[in-house]
Amino acid sequence: MTGRRPKPRRATSDIDEIERLRRENERLRQENVEQAKQIAEAEKHIADLERQLAQRQQNSTTSSKPPSSDGLAGRQRERGRRKKSRRKPGGQIGHPGHCRSLVPPERVNQIVTIFPDACGHCDHALPARTREVSGEPRRHQITELPVITAHVTEYQCPHVVCPACGKTTQAPVPADVEGQFGPQLTALIAYLTVVCRLPRRLVQALLEGALQIPISVGSTQKAWEETSAAVATPYQELEDALRGQPVLNCDETGHRTNGEKRWLWTLVAPAYVFYTITTSRGADVLIRLLGPVYAGILGSDRLPTYTTYHHGRRQFCWAHFTRNLLSAQDLVRTAAAKRFCRDALALHAQLFRLWHRFRGDPHARGGPLSRDQLRAKVLPIEKRLFALAERHVNAADRDVANLARALFVHHQHFFTFVAYEGVEPTNNAAERALRTAVQWRKIMFGTRSAEGEIVVARLLTITRTCQMQQLSALVYLAAAVRCHRRRQTVASLLPKRL
């Protein structure tokens, strides 16, 4: 009798295989989770790198960077026409010509009359003594510099013996010629430094080479400081008048004094420009200059300093907001975010087409607009911008949400220019004023002391105000130095009230 074969132990083997497969599945699942985390981190890292690259490629048209920063590192700013014009270079047909006009006869120093020797038609010799002329002569003027030499005046003060006591007495030197340089030369040194932006050694080289005036670098510094002291009173008058200005545009930028951080502020009034250098970028500067409450309209960017200080009427800069939109358009990735930027830029273009018509721009399409017509046409654009901002206040994209929130919260401050005279939609006036100061700062590498900060602020204020009022800055500075030496009142730069 044969025995029965034992059954294979499949149950145990199957259990082991299932356990092995379960462990393998768990391992693969863990690997999948880890890989998903790595992919998410890699995608986030790639997004961060793309954002950094986009930010590095920004230029002055898509950020608050100055035009001087549009170097090789970033995307080059588009300059000139985007589309090539079909017109030939040069003056176009019908374009009025421009030429140098003749100076009036009273300005002419010398007249030289030139007579022909022979007739230009028949070559007949023309008489030299008895000439007959017809009509007005052709006038041709040549402007030339005379040989430039310094005018040196020597004041001699003899020792005069008194017949009564026998002692000698000397007359004092006139007040306006104290020192070694006259008011005109002293003002010229300051003018070359602050307006022409020449460093001290270049001023020294120019005076020695062109005017044959030997001078030390220290003497140029003394002339610069004396000119600053001469304009201290008109500078203070301009500062005191800031609080009563109906409209001010304000901006600030970085500055260095001996390597330490400072802030250069500018406030642009309708008739003058004011500069000051401070250690702060906060609202305390505005409180010191404008008082706790400013009654006028303040134009600025959206820096929190201005929003925390001024709660009255203000105008936020559309140029800053447009650059922010262009920057966001390059940085965002979602279709909704790009649509927000595109729609906002389109409404901005419509708004400024109306503004250019109101300003009477000859290149604007459409006829000029009155103030009432401007208000009526801007109102629908204002409502559409408000609705667009309201829809995107809680957008997933951070840049879009910030821009939409700014437009939603401060909506009325973007359209102050529509209702009030003298208010511009941009802060370009303050930015242009800062540009001059920044150029000076980059050439001179900032200032060296607190006294130097005062000198720079005063002379920038006076010279830029003279240019704004179409006055000769050099003539004003020379007159100020002369009055300062004579202890006389320096002429004010405040506009005269009728």
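A residue counts as buried here when its relative accessible area is under 20%. The model on screen is predicted, and the stops below can be selected one after another.

**Stop 1: the F316 and F414 pair**

Select F316, which has 0% relative accessibility and is therefore buried. Then add F414, also at 0% relative accessibility and so counted as buried. The two ring centres lie 5.7 Å apart and the planes meet at 65°, so this is an edge-to-face pair. In sequence the partners are 98 residues apart. F316 belongs to strand β7 (residues 314–316), while F414 sits in the loop between α11 (398–409) and α12 (416–419). The pair thus links distant parts of the chain.

Now extend the selection to W318, F321 and F415; together with F316 and F414 they form one aromatic cluster. The structure has 11 aromatic pairs.

**Stop 2: the cysteines**

Move along to C317. How many disulfides does the structure hold? The number is zero. For C317, the nearest cysteine sulfur is that of C250, 12 Å away. C317 has 1% relative accessibility and therefore counts as buried.

Next select C341. Its closest cysteine sulfur is in C317, and because the distance is 17 Å, the two are too far apart for a bond. The cut-off for a disulfide is 2.5 Å between the sulfur atoms. C341 is buried too, at 0% relative accessibility.

**Stop 3: strand β3 and its partners**

Select residues 247–257, which make up strand β3. Of its 11 residues, 10 are buried, so the strand is mostly covered.

Show strand β4 (residues 260–268) beside β3: nine bridges join the two, and they run antiparallel. One opposed pair to display is E252 in β3 with W265 in β4. The two strands form a hairpin with two residues between them. In that turn, select N258 and check its backbone: phi is positive, at about 55°.

Then bring in strand β6 (residues 297–300). This strand runs parallel to β3, and three bridges join them. Here L248 can be picked together with L298 of β6, which stands opposite.

**Stop 4: T276 and its surroundings**

Go to strand β5 (residues 273–278) and select T276 within it. Is T276 buried or exposed? Its relative accessible area is 8%, so T276 is buried. Which residues does T276 touch, leaving aside its neighbours within four places in sequence? The contacts are Y235, W263, L264, W265, R288, L289 and A457. Among them, W265 is the β4 residue already shown opposite E252.

**Stop 5: charges over rings**

W263, one of the contacts of T276, has a further partner. Select K261: its charged end sits over the ring of W263, 4.7 Å from the centre. For a second arrangement of this kind, select R200 and W224. R200 lies over the face of W224, at 4.9 Å from the ring centre.

**Stop 6: helix α2**

Select residues 183–194, helix α2. The helix has 12 residues and spans 16 Å from its first C-alpha to its last. That is close to the 16 Å expected at 1.5 Å a residue.

Colour α2 by accessibility and nine of its 12 residues come up as buried. These are P183, L185, T186, A187, I189, A190, L192, T193 and V194. What covers them? The elements include α3 (200–210), α4 (217–230), α13 (428–444), α14 (450–468) and α15 (473–485).

**Stop 7: two exposed residues with positive phi**

From α13, step to F445, in the loop between α13 and α14. Its phi is near 60°, a positive value in a residue other than glycine. With 64% relative accessibility, F445 counts as exposed, because the limit for that class is over 50%.

Finish in the segment after α15, where R487 is found. R487 also has a positive phi, of about 60°, although it is not a glycine. Its relative accessible area is 67%, so R487 is exposed.

Notes: Residues numbered from 1 in each chain as written. Predicted model: local features only at pLDDT ≥ 70, side-chain atom pairs only at ≥ 80, totals over all residues. Heavy atoms only, no water. Helix = DSSP H or I, 4+ residues; strand = E, 2+ residues; numbered from the N terminus. Buried < 20%, exposed > 50% of the residue type's maximum accessible area, 1.4 Å probe, protein only. Contact = heavy atoms within 4.5 Å. Phe/Tyr/Trp six-rings, centres within 6.5 Å; stacked < 30°, edge-to-face > 60°. Lys NZ or Arg CZ within 6 Å of the ring centre and 35° of its normal. Pairing = 2+ DSSP bridges. Expected span 1.5 Å × (residues − 1).
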